[in-house]
Amino acid sequence: MSRRNGTDGSLLASLPYTLGALAFSIAPHVQYLPVWVTVTFLSCSAARWYIEKRRWRLPPAWLRIALAMLCFLAILFSYNQTISGVGPGSALLAVMGSLKMLETRVRRDQFVLLFISIFMIMASLLREQYLWSLPYLLAAVLITMTAWLRMSQARDVSLLHSLRSSSRLLLYAAPIALAMWIFFPRISTPFWSVPIDTSSGRSGLSENMSPGDISSLSLSDAVAFRVTFDGAVPPPSQRYWRGLVLHQFNGRSWTGREPLPDPKARDRISATGDAYRYQVTLEPTRQHWIFALDIPVDWSPETIKMGSDLHLAYTFPIDQRIRYSAVSRTRYSVDSQLTRMARDWYTRFPEERNPRSIEYARELRAAAGSDERYINTVIRAFHDEEYFYTLQPPVLGRDPVDQFLFQTRRGFCEHYASAFALLMRAAGIPSRIVLGYQGGELNPYGNHMIVRQSDAHAWTEVWLADRGWQRIDPTAAVAPERIESGMSGAMFGEIGASWGLNAPAEWLHQLTLSLDALNARWNEWILGYGPENQERFMKWLGMSKPDWQKMFLTLIALVTIGIVVISIVLMRRNRPPPRDPAAVLYGQFTRKAGLPPRTGETPFDYAQRLRETSVQQSDCVDRVTSRYLKARYGTPDEHALQELEDAVSKFRRSA
Amino acid sequence: MSSIQWQFPRLPGVLNPTRLREAAQERVGRWAQKRQGKDPRNTRLLSKRIYILPTGIGLIFALMTFAMLLGSMNYNNNLSFVLTFLLISAGLVSMHQCQRNLVGLEISFAGVDPVFAGQSAEFRIAVTNHARTRRYNIQLYFGRIRSDIDDLEPGESRVFHLDLPTTARGQVSLPRFGIRTLFPFELFRAWAWLHMDLQGLVYPRPADHAPLPPPTETAHGHRQHDARGEEDFAGLRKFHSGDSPRQVAWKAFARSGDLLSKQFSGADTSSQWFDLRQVEAADFETRLSILTRWIVDAERTHADYGLRLISDEIPPANGAAHRHQCLEALALIDFDSGSLS
């Protein structure tokens, strides 16, 4: 039994590197993993190394099994009883790696650790793909290969030496890998649906809106999407990126419904005005919503469908970056007629909540005389009266709209949109809330527009007889700078003043913009190298009508060429060192003499044998022998070599 | 309470996996020998005789990269494509490195010492790396017998040992052996077979319980002398290794070229004669074992001893060479020729 668990220090040469490789591949996961997983990993690594160093025994099997069960239960507990997805999956791998260390006894057991380390690298790439992910990936592969290589080096070679060997191997592999990467045919539809970790906390739009619940809105600088326009760019006041539509109000929250494609929706739009053509690269949201400039009239690919609220939605949850193109027009009219049922639906609200607002709306409507005039009155009220735009509004109570309109009078877009929509509904005007983004910053370095999470916005649409649905943004009445110069312009006064700061340095802003341009290229060409980009690239390379067979054949041809080249390079490296020129000349001499030297025969013995076997010019033989010894074993001397050459050329085999 | 033990049903000989594998190895070995012919005792490995196949770990690695490829395709994740393709290409490169790791090695037989039956015969095989690069993870093997694993520096020559167990006296033969490497990632195993047809000598096993050796005879002599008597020249006989150079008839050698030893009579030497016929034991092999034991013990006391076999005899002497001569005779004696009376 003691033999089975004993260690003998034989892994000291390779184990630290295996553990290092594993640690390096787990490092990017640490911020997402539960703390106990990291602690388990670190303590198991330290324990394993110490056991090897001290030649102690490994923990007994029952303890390892008990630990494994415990860890498995802990993962189920940490991840709400699921083990699928990147989060629980990487936690499980990390724990498996930690426990496997405790039973790694012989050299070969480390393969499991290295394979786990490779899977961890892959999991971190599934989780996030930043600009630095590629260098990280290369470094991680290099470290893993070094650890791997050290397992099959019998002698204890220096780390530098193994590092050099593995870098060389990676260098040989890189061109082949590049050819594979470029030519491996990409497919657009996934084989199976992808569970992606939702705990990583990426900000997106929430699918309902309850103004008053949150008391502060964080300004996330994360990019929501990037837009490249073909031609004209809309002015800031027209940059309304329509997302989802909410139309059900319960007195506090607005909710929408699951996106349902409506094939007839497109026909309800009659649009005029300038057409904007653009491509959007949307960051993953894990939702279905597609954002398009108000209002999209044409779009591709096919997987994007329009719903009855004229929202666009993707067939699958968007859990990876996608790219789509669309055409939008800014002047339009939708649904000039509304059915009685639809009218009812868009004017519904709970009577018992927010009574003051409802009362106020009815009074104003009666005074205004027409719907248009009523709307103008409300907008003017928001603009003229003491309403403030703030990202830190007070929390609101049971009747949030009442409290907001008549007491606190502070809020951001959601508060204004919600209050406005209710005021409309109370006056019998159909209204709904639109969530999306407003604004966008043009990046001069990349010639594209960046729309950030902080540009998230809520506005309203009201239906007027004969004119159909019209966009009205009540926030614009309160904080026109929010609309005109974007979120940063609107907010800077408030935040900067409260922190006693000046505007951020211009160079920092420029730096951010150029980094973003780099990122956009990276996203488009490296991360977004999908079927479309591949086809474009193949055409650029001169492949007519690229299809997967052609690409595959090219791939195979290139890989074969690469392997042949590498095999030649390896063969050249394996050549023996060049023979001593003196030895070469001496070889000529023995061939001339017609008597092959025996193994281990000294030149003197050979000369003796030569003289005995046949009548040779013995002085010639002696001269060759002595000059050979001088040229081969004497001090390095060009002259000696020349003399030897002369002697050999003068030597003639006598008959 | 008795625990029930379920036994794996005995397979008939043909289906026994171990036997099947050994039979297959034997066949493949013979095929390789036929293909390559007999190798000289000093052979340079050329690439055409190096075979390569993935290892178990290589197959697991292939499965793993395939799964990673499917995953990358599904997630359309270009960075994990990078990782996957990098690993696949590294695997392909490692295949070539693995094969290259053996090409050009020089393998030469460096001898085997005689052993007693039951001991392991240690075949020494030198492997020389003539290249400017290191060679890693080199191992020699024959069946289940493995040498150490070692690396070779550029220009280095290292002797590997193959310890073949022996059971009976005679020759132990190493008809072929393999040299293999798993470098760099153990994904592939490259190997080559060498058919040098090496032979080692196996002395009989010294008997554990031998009867006492026959008494010491002191011929003509008056006193015990540990050197050979050199008084009266009696004649010449063929030189046996182990004879003292002083005993060699150098003049005769100069004349004829044959090495002869001078024999002296009347030496006052104490000497023992170990006679095969006079050993009291049931069978032939036991007699040989007893003789072996006597020789080993006599050599230890530096006493002179001679050996009489059926038709041969080795005159009394001592020393390592003499011991070897006697033991070799015992090792190679043919049973059928020994009609023991």
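Start in chain B of this predicted model and select B:Phe116, which stands opposite B:Tyr203 in strand 12 of chain B. Colour the two strands around this pair. Strand 4 of chain B, residues 115-116, and strand 12 of chain B, residues 198-203, run parallel and are joined by two bridges.

Keep strand 12 of chain B selected and add strand 9 of chain B, residues 170-174. Here the pairing is antiparallel, with five bridges between strand 9 and strand 12 of chain B. To find the register, show B:Gln171 and B:Leu201: B:Gln171 is opposite B:Leu201 of strand 12.

Now zoom out to chain B as a whole. Its secondary structure consists of six helices and 18 strands. Of the 341 residues in chain B, 35% are buried. Take the contacts in chain B between residues at least 6 apart in sequence: 68% of them join residues at least 24 apart.

Next, display both chains and select the contact between them. Chain A contributes 49 residues and chain B contributes 43 residues. On the chain B side, the elements giving two or more residues are helix 2 (56-75), helix 3 (78-100), strand 6 (135-142) and strand 7 (145-152) of chain B. Highlight helix 3 of chain B, which gives the most to this side, with 18 residues. Colouring the chain B side by class shows 24 nonpolar, 14 polar and five charged residues.

Move to chain A and select helix 6, residues 110-127. This helix of 18 residues reaches 26 Å from its first C-alpha to its last, close to the 26 Å expected at 1.5 Å a residue. Helix 6 of chain A is largely enclosed by the rest of the structure, because 15 of its 18 residues are buried.

Add helix 7 of chain A, residues 133-151. The axes of helix 6 and helix 7 of chain A come within 11 Å and cross at roughly 175°. An angle over 145 degrees counts as roughly antiparallel, so helix 6 of chain A is roughly antiparallel to helix 7 of chain A. For the contact, show side chains from helix 6 of chain A, including A:Leu114, A:Ile118, A:Ile121 and A:Leu125. From helix 7 of chain A, show residues including A:Leu137, A:Ala140, A:Thr144 and A:Trp148. By class, the contact of helix 6 with helix 7 of chain A has nine nonpolar, four polar and no charged residues.

A second helix pair is found by selecting helix 8 (residues 159-183) and helix 19 (residues 548-573) of chain A. Their axes come within 9 Å and cross at roughly 175°, so helix 8 and helix 19 of chain A are roughly antiparallel to each other. In helix 8 of chain A, label A:Tyr172, A:Pro175, A:Ile176, A:Ala179, A:Met180 and A:Phe183. They meet residues of helix 19 of chain A, among them A:Met551, A:Leu555, A:Leu558, A:Val559 and A:Ile566. The contact of helix 8 with helix 19 of chain A has eleven nonpolar, two polar and no charged residues.

Finish at a sheet in chain A. This open sheet has three strands in the order 7-11-10, with antiparallel pairing. Strand 7 (289-290) and strand 10 (304-306) of chain A are the edge strands, each pairing on one side only. Select strand 10 of chain A with strand 11 of chain A, residues 312-314: three bridges join them in the antiparallel sense. The last pair to label is A:Lys305 and A:Ala313, with A:Lys305 opposite A:Ala313 in strand 11 of chain A.

Technical notes: Residues are numbered from 1 along each chain as its sequence is written. Chains are lettered from A and ligands numbered from 1 in the order in which they are written. This is a predicted model: local features need pLDDT of at least 70, side-chain atom pairs count only at pLDDT 80 or more; totals for chains, interfaces and linings use all residues. Two residues are in contact if their C-beta atoms, placed from the backbone, lie within 7 Å. Helices (H or I, at least four residues) and strands (E, at least two) are DSSP runs, numbered from the N terminus. Ala, Val, Leu, Ile, Met, Phe, Trp, Tyr, Cys and Pro count as nonpolar, Asp, Glu, Lys and Arg as charged, and the others, Gly among them, as polar. Two strands pair if DSSP finds at least two bridges between them. A residue is buried if 20 or more other C-beta atoms lie within 10 Å of its own, exposed if 12 or fewer, and partly exposed in between; C-beta atoms are placed from the backbone. The expected span of a helix is 1.5 Å times one less than its number of residues. Axes are lines fitted to C-alpha atoms, for helices over the stretch in contact, and angles run from 0 to 180 degrees between N-to-C directions. Angles under 35 degrees count as roughly parallel, over 145 as roughly antiparallel, 65 to 115 as roughly perpendicular and the rest as oblique.
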